[in-house]
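Here is a short set of exercises to work through with the model open beside you. Try each task before reading its solution.

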Amino acid sequence: MPATLQMSPQLEQIHGETRDNFRAIANGFQKLDKIKDSNRQSKQLEELTEKMRECKRLIKEFDREIKDEEGRNPPEINKQLNDEKQSMIKELNSYVALRKTYMNTLGNKKVELFDTGAGASESTSQENVQLASELSNQELINAGTKTMDETDQAIERSKQVVHQTIEVGTQTATTLKGQTEQMGRIVNELDSIQFSIKKASQLVKEIGRQVATDKCIMLFLLLIVCGVIAIIVVKIVNPKNKDIRDIPGLAPPAPSRRLLYVRTGKHFD
């Protein structure tokens, strides 16, 4: 890599770890030539395979960091970084091919470098075998780049789904909060209405009691007036009835008066 190439601290760390793993892989293959026991050779190949998987992961991280910093770097730096990435992919694939050669020597025809895990499908395994053995270096580079691009796109889609989910959750929480506040206001209004109805009921009862009292008083006064009128009528009709006392303030009926005069001779003269 050119000495003038500048990288961010994150890229420098990833690049350094990748190069360290490549040196360890190269040393491992040199030691493999000195090992005569097939079991020890198989164990050594397994260790080298793990380091190759780690290199593959680091190259993917390196590619993601390049894309994240693409807008901040000059075009020349971006081109140099991409060239360095392609160089690392090519070097990794050369180790993959070398590993396949040793595996064939040991009688193991399977190539498991690019397995996705214990649950990898048969079609994926066959595809990885083709990437490691049958394709040219440029095709391997293109296939690796395409795979990393597809992975990045899947990650971006997942991020968008998570972002949309968060937005929906936020809107739902806001709506629920508004509805809760509205229900609280409705409850307060219902309490006020119930209190008003209770006060109105008490007022109606009080008015009813006052009306009933007024009616009793009016009835009592009416009875008194009727009694007085009855006594007056009886007194007028039967003034000699001693069982009925005179009504205070009412003069007794005047007795019938007779004109008395003396008949004398003068009056007839």
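**Exercise 1. Take stock of the fold.**
Count the helices and strands of the protein chain, and find what share of its residues is buried.

*Solution.* Begin with the secondary structure: the protein chain has 6 helices and 0 strands. Helices here are DSSP runs of H or I with at least four residues, strands are runs of E with at least two, and both are numbered from the N terminus. Read from the N terminus, the order of elements is α-α-α-α-α-α. Next comes burial: 20% of the 269 residues count as buried, where buried means under 20% relative accessible area, exposed over 50%, and partly exposed in between (1.4 Å probe, protein chains only).

Before going on, note that this is a predicted model, in which local features need pLDDT of at least 70 and side-chain atom pairs count only at pLDDT 80 or more, while totals for chains, interfaces and linings use all residues. Residues are numbered from 1 along each chain as its sequence is written, and side-chain values use heavy atoms, with hydrogens and water left out.

**Exercise 2. Describe how α1, α2 and α3 pack.**
For each pair of these helices, work out whether the two are roughly parallel or roughly antiparallel.

*Solution.* Two packed helices are described by the angle between their axes and the distance between the axes. Axes are lines fitted to C-alpha atoms, for helices over the stretch in contact, and angles run from 0 to 180 degrees between N-to-C directions. Angles under 35 degrees count as roughly parallel, over 145 as roughly antiparallel, 65 to 115 as roughly perpendicular and the rest as oblique.

Step 1: take α1 and α2. Their axes come within 9 Å and cross at roughly 160°, so α1 is roughly antiparallel to α2. The crossing is left-handed, meaning that the near helix is turned anticlockwise from the far one by less than a right angle (clockwise would be right-handed). Sorted by class, the contact of α1 with α2 holds 15 nonpolar, 7 polar and 6 charged residues. For these classes, Ala, Val, Leu, Ile, Met, Phe, Trp, Tyr, Cys and Pro count as nonpolar, Asp, Glu, Lys and Arg as charged, and the others, Gly among them, as polar.

Step 2: move on to α2 (residues 38-69) and α3, whose axes come within 10 Å and cross at roughly 165°. That angle makes α2 roughly antiparallel to α3. α2 and α3 also cross in a left-handed way, and their contact has 15 nonpolar, 6 polar and 6 charged residues.

Step 3: finish with α1 and α3. The axes come within 12 Å and cross at roughly 25°, so α1 and α3 are roughly parallel to each other. This crossing of α1 and α3 is left-handed.

**Exercise 3. Find the aromatic pairs of Phe-29.**
How many aromatic pairs are counted, and which residues form the aromatic cluster?

*Solution.* Rings of Phe, Tyr and Trp (its six-membered ring) pair if their centres lie within 6.5 Å; planes under 30 degrees apart count as stacked, over 60 as edge-to-face and the rest as tilted. The count by this rule is 3 aromatic pairs. In one of them, the ring centres of Phe-29 and Tyr-95 are 6.1 Å apart with planes at 15°, so the pair is stacked. This pair links distant parts of the chain, with Phe-29 in helix α1 (residues 9-34) and Tyr-95 in helix α3 (residues 75-106), 66 residues apart. Phe-29 and Tyr-95 are both buried.

Now look at Phe-29 and Tyr-102: their ring centres are 5.6 Å apart and their planes lie at 25°, so this pair is stacked. Here too distant parts of the chain are linked, from α1 to α3, 73 residues apart. Tyr-102 is buried, as is Phe-29. Together, Phe-22, Phe-29, Tyr-95 and Tyr-102 form one aromatic cluster.

**Exercise 4. Inspect two residues of α3.**
Are Asn-78 and Leu-92 buried or exposed?

*Solution.* Asn-78 sits in helix α3 and has 9% relative accessibility, so Asn-78 counts as buried. Between Asn-78 and Lys-67, 11 residues apart in sequence, the C-alpha to C-alpha distance is 8.8 Å. Leu-92 also lies in helix α3, and its 5% relative accessibility makes Leu-92 buried. The C-alpha atoms of Leu-92 and Lys-56 are 7.7 Å apart, with their positions 36 residues apart along the chain.
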